[in-house]
Amino acid sequence: MVGDRYQAKVITGQAVGAVYPIYKTEVIIGRNPVADIPAQEGDVSRRHAVIFRLNDEVHLRDEGSTNGTFLNGQRVTDPVLLKVGDKIRLGSRETLVIELEPFNTTKKENTSQKPSQSSLAAIEAARREDPGRLPRNQRLTEKKQGKSGKGANIWWILFLLAGSILCLAAFLFFWYIDTNFLWCWLVPVLPACP
(Lines give C-alpha, C1' and ligand atoms only; values in the text may rest on other atoms or scores of the structure.)
Protein backbone atom coordinates (compact mmCIF):
# COMPACT_ATOMS: atom_id res chain seq x y z
CA MET A 1 0.00 0.00 0.00
CA VAL A 2 2.99 2.29 0.09
CA GLY A 3 2.27 5.27 -2.10
CA ASP A 4 -1.31 4.15 -2.84
CA ARG A 5 -3.85 6.92 -3.16
CA TYR A 6 -7.53 6.46 -2.55
CA GLN A 7 -10.74 8.37 -2.93
CA ALA A 8 -14.11 8.17 -1.24
CA LYS A 9 -17.17 8.15 -3.47
CA VAL A 10 -20.60 9.00 -2.03
CA ILE A 11 -23.09 6.40 -3.28
CA THR A 12 -26.17 7.41 -1.24
CA GLY A 13 -27.13 10.67 0.44
CA GLN A 14 -27.54 14.26 -0.65
CA ALA A 15 -24.21 14.37 -2.51
CA VAL A 16 -24.52 11.18 -4.57
CA GLY A 17 -21.60 10.84 -6.97
CA ALA A 18 -19.32 13.26 -5.15
CA VAL A 19 -15.72 12.04 -5.01
CA TYR A 20 -13.26 13.11 -2.32
CA PRO A 21 -9.56 12.24 -2.59
CA ILE A 22 -7.95 10.86 0.56
CA TYR A 23 -4.68 12.73 0.35
CA LYS A 24 -4.25 13.97 3.92
CA THR A 25 -3.10 12.05 6.99
CA GLU A 26 -6.55 12.54 8.51
CA VAL A 27 -9.78 13.05 6.54
CA ILE A 28 -12.74 14.18 8.67
CA ILE A 29 -16.28 13.10 7.78
CA GLY A 30 -19.19 15.03 9.32
CA ARG A 31 -21.66 17.91 9.31
CA ASN A 32 -18.97 20.40 10.37
CA PRO A 33 -18.53 22.97 7.57
CA VAL A 34 -14.76 22.41 7.61
CA ALA A 35 -15.06 18.62 7.28
CA ASP A 36 -13.07 17.13 4.41
CA ILE A 37 -16.08 14.99 3.45
CA PRO A 38 -19.12 17.15 4.31
CA ALA A 39 -22.45 15.48 5.08
CA GLN A 40 -25.71 17.31 5.72
CA GLU A 41 -27.79 14.28 6.67
CA GLY A 42 -29.53 14.43 10.07
CA ASP A 43 -28.07 11.14 11.34
CA VAL A 44 -24.51 12.40 10.87
CA SER A 45 -22.63 14.07 13.75
CA ARG A 46 -20.56 17.24 13.29
CA ARG A 47 -17.36 15.20 13.53
CA HIS A 48 -18.70 11.74 12.84
CA ALA A 49 -15.73 9.66 11.69
CA VAL A 50 -12.15 9.95 10.47
CA ILE A 51 -10.33 8.13 7.69
CA PHE A 52 -6.65 8.22 8.56
CA ARG A 53 -3.35 6.87 7.29
CA LEU A 54 -1.01 5.01 9.61
CA ASN A 55 2.02 2.97 8.52
CA ASP A 56 0.96 3.30 4.86
CA GLU A 57 -2.45 1.77 5.63
CA VAL A 58 -5.84 3.49 5.51
CA HIS A 59 -7.99 3.13 8.65
CA LEU A 60 -11.46 4.22 9.75
CA ARG A 61 -12.25 5.48 13.25
CA ASP A 62 -15.61 6.50 14.71
CA GLU A 63 -15.36 9.79 16.63
CA GLY A 64 -17.92 8.96 19.30
CA SER A 65 -20.84 9.67 16.97
CA THR A 66 -24.40 9.42 18.24
CA ASN A 67 -25.76 7.14 15.51
CA GLY A 68 -22.64 5.10 14.80
CA THR A 69 -20.31 4.34 11.92
CA PHE A 70 -20.62 1.05 10.07
CA LEU A 71 -18.11 -0.69 7.81
CA ASN A 72 -19.69 -3.24 5.47
CA GLY A 73 -22.67 -3.50 7.85
CA GLN A 74 -20.60 -3.96 11.05
CA ARG A 75 -20.52 -1.19 13.67
CA VAL A 76 -17.05 0.36 14.10
CA THR A 77 -15.97 0.65 17.73
CA ASP A 78 -12.19 0.56 17.27
CA PRO A 79 -10.03 1.72 14.37
CA VAL A 80 -10.37 -0.69 11.47
CA LEU A 81 -8.32 -1.21 8.33
CA LEU A 82 -9.97 -0.18 5.06
CA LYS A 83 -9.63 -1.82 1.67
CA VAL A 84 -10.87 -0.98 -1.80
CA GLY A 85 -14.59 -1.64 -2.14
CA ASP A 86 -15.40 -1.17 1.55
CA LYS A 87 -18.67 0.62 2.22
CA ILE A 88 -18.79 3.11 5.09
CA ARG A 89 -22.28 3.89 6.38
CA LEU A 90 -22.80 6.86 8.68
CA GLY A 91 -25.85 6.84 10.93
CA SER A 92 -28.48 4.26 11.70
CA ARG A 93 -30.21 4.50 8.31
CA GLU A 94 -28.87 4.32 4.76
CA THR A 95 -28.59 8.12 4.67
CA LEU A 96 -24.95 8.34 3.63
CA VAL A 97 -22.78 5.55 2.26
CA ILE A 98 -19.22 6.12 1.11
CA GLU A 99 -17.26 3.59 -0.95
CA LEU A 100 -13.47 3.48 -0.88
CA GLU A 101 -11.92 3.15 -4.33
CA PRO A 102 -8.42 3.49 -5.74
CA PHE A 103 -7.42 6.90 -6.98
CA ASN A 104 -5.16 5.28 -9.54
CA THR A 105 -6.60 1.98 -10.81
CA THR A 106 -3.16 0.56 -11.72
CA LYS A 107 -2.31 0.09 -8.04
CA LYS A 108 -2.77 -3.32 -6.45
CA GLU A 109 -5.53 -3.39 -3.82
CA ASN A 110 -4.98 -4.64 -0.28
CA THR A 111 -7.34 -7.49 0.57
CA SER A 112 -6.55 -7.96 4.27
CA GLN A 113 -9.30 -6.72 6.60
CA LYS A 114 -7.65 -6.89 10.03
CA PRO A 115 -4.93 -4.35 10.90
CA SER A 116 -1.51 -5.78 11.64
CA GLN A 117 -0.22 -5.96 15.22
CA SER A 118 2.27 -3.19 14.46
CA SER A 119 -0.60 -0.99 13.21
CA LEU A 120 -2.61 -1.59 16.39
CA ALA A 121 0.43 -0.80 18.54
CA ALA A 122 1.02 2.38 16.53
CA ILE A 123 -2.64 3.40 16.95
CA GLU A 124 -2.42 2.96 20.72
CA ALA A 125 0.86 4.91 20.83
CA ALA A 126 -0.74 7.74 18.81
CA ARG A 127 -3.68 7.79 21.24
CA ARG A 128 -1.34 8.13 24.22
CA GLU A 129 0.65 10.91 22.53
CA ASP A 130 -2.35 12.94 21.31
CA PRO A 131 -5.58 12.55 23.32
CA GLY A 132 -7.28 14.80 20.78
CA ARG A 133 -7.32 11.80 18.43
CA LEU A 134 -9.46 9.83 20.87
CA PRO A 135 -13.17 9.54 20.17
CA ARG A 136 -15.17 12.38 21.70
CA ASN A 137 -16.73 10.26 24.47
CA GLN A 138 -13.29 9.10 25.69
CA ARG A 139 -11.95 12.68 25.67
CA LEU A 140 -14.89 13.82 27.80
CA THR A 141 -14.32 10.96 30.26
CA GLU A 142 -10.65 11.90 30.64
CA LYS A 143 -11.53 15.57 31.25
CA LYS A 144 -13.96 14.55 33.99
CA GLN A 145 -11.12 12.62 35.61
CA GLY A 146 -9.03 15.79 35.83
CA LYS A 147 -7.10 15.71 32.58
CA SER A 148 -7.79 19.14 31.14
CA GLY A 149 -7.17 19.98 27.51
CA LYS A 150 -6.55 23.16 25.55
CA GLY A 151 -10.01 24.52 26.43
CA ALA A 152 -9.14 24.84 30.11
CA ASN A 153 -6.09 26.98 29.30
CA ILE A 154 -8.17 29.72 27.67
CA TRP A 155 -10.12 30.27 30.90
CA TRP A 156 -6.90 30.72 32.86
CA ILE A 157 -5.67 33.23 30.29
CA LEU A 158 -8.95 35.17 30.44
CA PHE A 159 -8.90 35.08 34.26
CA LEU A 160 -5.33 36.45 34.38
CA LEU A 161 -6.13 39.10 31.78
CA ALA A 162 -9.20 40.30 33.73
CA GLY A 163 -7.19 40.37 36.98
CA SER A 164 -4.44 42.39 35.33
CA ILE A 165 -6.93 44.91 33.97
CA LEU A 166 -8.53 45.31 37.42
CA CYS A 167 -5.14 45.85 39.06
CA LEU A 168 -4.19 48.45 36.45
CA ALA A 169 -7.51 50.27 36.92
CA ALA A 170 -7.05 50.34 40.72
CA PHE A 171 -3.49 51.64 40.34
CA LEU A 172 -4.58 54.42 37.96
CA PHE A 173 -7.49 55.39 40.23
CA PHE A 174 -5.30 55.76 43.34
CA TRP A 175 -2.54 57.48 41.34
CA TYR A 176 -5.10 60.08 40.16
CA ILE A 177 -6.40 60.59 43.73
CA ASP A 178 -2.89 61.03 45.09
CA THR A 179 -1.57 63.38 42.40
CA ASN A 180 -4.63 65.66 42.64
CA PHE A 181 -4.70 65.68 46.47
CA LEU A 182 -8.21 64.24 46.56
CA TRP A 183 -7.71 62.05 49.63
CA CYS A 184 -9.95 64.26 51.76
CA TRP A 185 -12.72 63.99 49.18
CA LEU A 186 -12.35 60.19 49.11
CA VAL A 187 -11.86 59.65 52.88
CA PRO A 188 -13.11 62.74 54.79
CA VAL A 189 -12.28 61.29 58.23
CA LEU A 190 -8.52 61.47 57.72
CA PRO A 191 -6.78 63.57 60.44
CA ALA A 192 -5.17 65.86 57.84
CA CYS A 193 -8.52 66.76 56.27
CA PRO A 194 -10.22 70.02 57.36
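A salt bridge is here a side-chain nitrogen of Lys or Arg within 4 Å of a carboxyl oxygen of Asp or Glu. By that criterion, a search of the whole structure finds six salt bridges.

The model is predicted: local features need pLDDT of at least 70, side-chain atom pairs count only at pLDDT 80 or more, and totals for chains, interfaces and linings use all residues. Residues are numbered from 1 along each chain as its sequence is written, and side-chain values use heavy atoms, with hydrogens and water left out.

**The whole chain**

Begin with the entire chain in a cartoon view. It has four helices and 11 strands; these are DSSP runs numbered from the N terminus, helices being H or I with at least four residues and strands E with at least two. Of the 194 residues, 34% count as buried (buried means under 20% relative accessible area, exposed over 50%, partly exposed in between; 1.4 Å probe, protein chains only). The accessible surface comes to about 12,200 Å², and 60% of that belongs to carbon and sulfur atoms (Shrake-Rupley method with a 1.4 Å probe; for residues, only the protein chains shown count as cover).

**The five-stranded sheet**

Next, select the open sheet, in which five strands run in the order β4-β3-β5-β6-β9 with mixed pairing (two strands pair if DSSP finds at least two bridges between them). Its edge strands are β4 (37-38) and β9 (80-81), each of which pairs on one side only. Strands of a sheet pair through backbone hydrogen bonds, either parallel or antiparallel. Strand β6 (residues 57-62) pairs with β9 in the antiparallel sense over two bridges. Show L60, and V80 of β9 stands opposite.

**The charged network**

Now display the side chains of E26, R47, R61 and E63. What joins these four residues into one network? Salt bridges that share partners do so.

- E26 and R47 meet at 3.4 Å, N to O. E26 belongs to strand β3 (residues 26-30), while R47 lies in the loop between β4 and β5 (49-54), 21 residues apart. E26 is partly exposed at 22% relative accessible area, and R47 is partly exposed at 25%.
- R61 and E26 meet at 3.3 Å, N to O. This pair links strand β6 to strand β3 across 35 residues. R61 counts as buried at 4% relative accessibility.
- E63 and R47 have their closest N and O atoms 2.9 Å apart. E63 sits in the loop between β6 and β7 (69-71), 16 residues from R47. E63 is buried, with a relative accessible area of 1%.

**Arginines over rings**

Keep R61 selected and add F52: R61 lies over the face of that ring, at 4.8 Å from its centre (the criterion is NZ of Lys or CZ of Arg within 6 Å of the ring centre and within 35 degrees of the ring normal). Then select R89, which lies over the face of F70 at 4.1 Å from the ring centre.

**The aromatic pairs**

Finally, turn to the aromatic residues, where there are two pairs (rings of Phe, Tyr and Trp, the last by its six-membered ring, pair if their centres lie within 6.5 Å; planes under 30 degrees apart count as stacked, over 60 as edge-to-face and the rest as tilted). W156 and F159 are edge-to-face, 6.0 Å centre to centre with 90° between the planes. They are separated by about one helical turn because they are three residues apart in helix α3 (residues 150-179). Both W156 and F159 are exposed. F173 and F174 form an edge-to-face pair, 5.2 Å centre to centre with 75° between the planes. F173 is partly exposed at 39% relative accessible area, and F174 is partly exposed at 41%.
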